[in-house]
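This briefing introduces a protein to a reader who has not met it before. Please look over the sequence and the model before reading on.

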Amino acid sequence: EEFTRKSSLPKTKVSGRVVDSSGQPVVGAKVEPEGVQRGSGTSWGGLNGIDPLAITDENGAFLITSKEPFDALNLVIEARSLAKLRKNGLASDQEHLLTMTDGASVNGRVLVNGEPLKGVVMGLAGANRAAGEFVGAFEIGTDAQGRFQFLSLPPDTDYFIYGIMSSLK
């Protein structure tokens, strides 16, 4: 029985705090491992033996543990009204301070022959599709005046914007 308890203890961990741009803790943020670095390689997805996610506590603290040792984790952090944050190469067994920002916004209007188009679905996707760097894709519909607004986007990123064809009939 003693052997079982010892062998099930975490071998490696990544821990830290998530704060906003004013240094205040971000409570309830989802911290999710996306990739694990061991030696000179990185594995993406299906990270067996590694906690699938952590939620920050009232101090913004989180802890991700693993049954097997690793060198570093690549994390994606999401919190309401803040831009998604991607942090790669967070070394194991160190405390990390991660700062989330309000992010960027993209506003626009869809018109045809000078008239607004209501209910058109607009898409926005990060231009960089490399593993560990893609910020994701987002969708939103236009209002009665044909206006749309994407909020809390990861900043300092190039994006492609497009209309969803099935909504443009």
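How much area does the protein expose, and what share of it do carbon and sulfur atoms supply? The protein exposes about 10000 Å², and carbon and sulfur atoms supply 50% of it; accessible areas come from the Shrake-Rupley method with a 1.4 Å probe. This is a predicted model, in which local features need pLDDT of at least 70 and side-chain atom pairs count only at pLDDT 80 or more, while totals for chains, interfaces and linings use all residues. Residues are numbered from 1 along each chain as its sequence is written, and side-chain values use heavy atoms, with hydrogens and water left out.

**Overall form**
- The protein has one helix and 15 strands (DSSP runs of H or I, at least four residues, and of E, at least two, respectively).
- Its radius of gyration, taken over C-alpha atoms, is 20 Å, well over the 15 Å that the globule rule (2.2 Å times the number of residues to the power 0.38) gives for 169 residues, so the protein is more spread out than a compact globule.
- Along the principal axes, the C-alpha atoms fill a box of roughly 75 × 35 × 30 Å.

**Interior**
- Buried residues (under 20% relative accessible area, 1.4 Å probe, protein chains only) make up 31% of the 169 residues.
- The largest nonpolar core (buried Ala, Val, Leu, Ile, Met, Phe, Trp, Tyr and Cys residues joined through side-chain atoms within 4.5 Å) has 21 residues.
- β6 gives the most to this core, with three residues.
- A second, separate core of seven residues includes Val-110 and Leu-153.

Key. Buried < 20%, exposed > 50% of the residue type's maximum accessible area, 1.4 Å probe, protein only.
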